[in-house]
Amino acid sequence: MIQDILKKQKLNREDIIYLLSVTGEDEKTLFRHAAQIKEKTVGNTVYLRGLIEMSNVCAKDCLYCGIRKSNPNTNRYTLDENEILSAIRFAHENRYGSVAIQSGELNSPAFIHKVDNMLRQAKEITHNEIGITLSCGEQTEETYRRWFNSGAHRYLLRIESSDELLYYRIHPRDRNHSYDIRVEALKTLRKIGYQVGTGVMIGLPFQTVEHLADDLIFMRTLDIDMCGMGPYIEHKETPLYESREELLSIQERFRLTLHMIAILRIMMPDINIAATTALQAIDKLGREKAIQVGANVLMPNITPGKYRDNYSLYENKPCTNENADDCKSCINIRVQMVNHEVGYAGWGDSKRFEKRKFNLSH
Ligand code: SAH
């Protein structure tokens, strides 16, 4: 049965639901198949994005997130220009190739200017060598364009859940948290010319395998270039914590995430898929396991150590007591352990994006 599904050119909703649920030998077959597809299309190179958590100041109130505006117990911080640039310099000197700059969501002119300025300086001090992914939430088309013109070329904006009803069970239902605006933002990013990434949380309360299958179909329909998705991990100081009785076990959420990665790799062989930090919060080798079943991007944290505790999106976030240098030595060993190699110095752009660009210009 599983062999028949894996032979198909295009998986349908029922196929995906079936694959999300396989266990035992069938699960191994699924993972092996995804690994083979990855090797054939994007190879066994893992690209790095040095992750800089720029600020945990956030104007949003997402019901699952530890740095939501209404959590009074978060120590708010914003990295200053020197701290950001020295993290970027570190990534460049260690040939990481790219950085990913993530932040709580702000739309103030001061924030927009700060990001813009940082982008220009990052390009200048690295002689245009560093690749930059932004993950700074929903912004206007004008802001996205400004940042693109200043050097950002990839943007990650998770849809969190592609099901509108579920979306509003995990976000306040107001203008500041509009599902339609988030979907529109993804389309705007594509129009401007970014490599566009999205993703979802896996194992949310009220989420079914049907929702997850639809999430994967949403990604295929949008023809995304990159994906970052991870298990939902409850945080005590958030409203969604009240629904913890509804949750799958943490191990089930982990396993489901590996399935999602493997199936997405089969559905979209040439995109970039991140092995996300939340996997490592559950299993010390979580990210390596994700690489083995289809992921090809790692985001080692290069935020200055003293701030890391405060970017607590969820509980048990790993490596918060370390510095960038500690991660550096760890990466090679981890990647080699699963018979992959690190793609140093290159941007490691999405092959999907390169192909689409080529097709448009020919
Ligand atoms: N403000 C940016 C970045 C948000 S933080 C934006 O809106 O894109 C990055 C991601 O962390 C979120 O997109 C969300 O998917 C994830 N996250 C937040 N809380 C989480 C939790 N409790 N468990 C797992 N992932 C979480």
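Helices are DSSP runs of H or I with at least four residues, numbered from the N terminus. The legends below refer to a predicted model.

**View 1. Residues around the ligand in the predicted model.** The ligand is surrounded by 18 residues, of which Tyr64, Ser103, Arg158, Glu160 and Ile233 come nearest. By class, this shell comprises 10 nonpolar, four polar and four charged residues.

**View 2. Polar atoms of Ser103, Arg158 and Ile233 beside the ligand.** A polar backbone atom of Ser103 is 2.9 Å from a nitrogen atom of the ligand. For Ile233, a polar backbone atom is 2.8 Å from a ligand nitrogen atom. Arg158 contributes a polar side-chain atom, which lies 2.8 Å from an oxygen atom of the ligand. The ligand taken alone exposes 560 Å², and the protein buries 92% of that area.

**View 3. The largest cavity.** The largest cavity is the space taken by the ligand.

**View 4. The largest pocket and its lining.** This pocket has a volume of about 240 Å³. Its lining consists of Ile5, Leu6, Lys7, Lys8, Gln9, Lys10, Leu11, His33, Ile37, Arg220, Ile266 and Met267. Six of the lining residues are nonpolar, two are polar and four are charged.

**View 5. Helices that supply the lining of the largest pocket.** Helix 1 (2-7), helix 3 (24-41) and helix 10 (250-267) each supply at least two residues of the lining. Helix 1 provides the largest share, three residues.

Key:
Residues numbered from 1 in each chain as written. Predicted model: local features only at pLDDT ≥ 70, side-chain atom pairs only at ≥ 80, totals over all residues. Heavy atoms only, no water. Near = heavy atom within 4 Å. Polar contact = N/O pair within 3.5 Å; in protein donor to acceptor, adjacent residues only side chain to side chain. Areas by Shrake-Rupley, 256 points an atom, 1.4 Å probe, with all protein chains shown as cover. 1 Å grid on protein atoms, 1.4 Å probe; cavity = no way out; pocket = protein on both sides within 12 Å on 5 of 7 lines; lining within 4 Å. Sits in = over half its atoms within 2 Å of the grid points. Nonpolar A, V, L, I, M, F, W, Y, C, P; charged D, E, K, R; others polar. Points joined across faces, edges and corners; volume = space filled by probe spheres on them.
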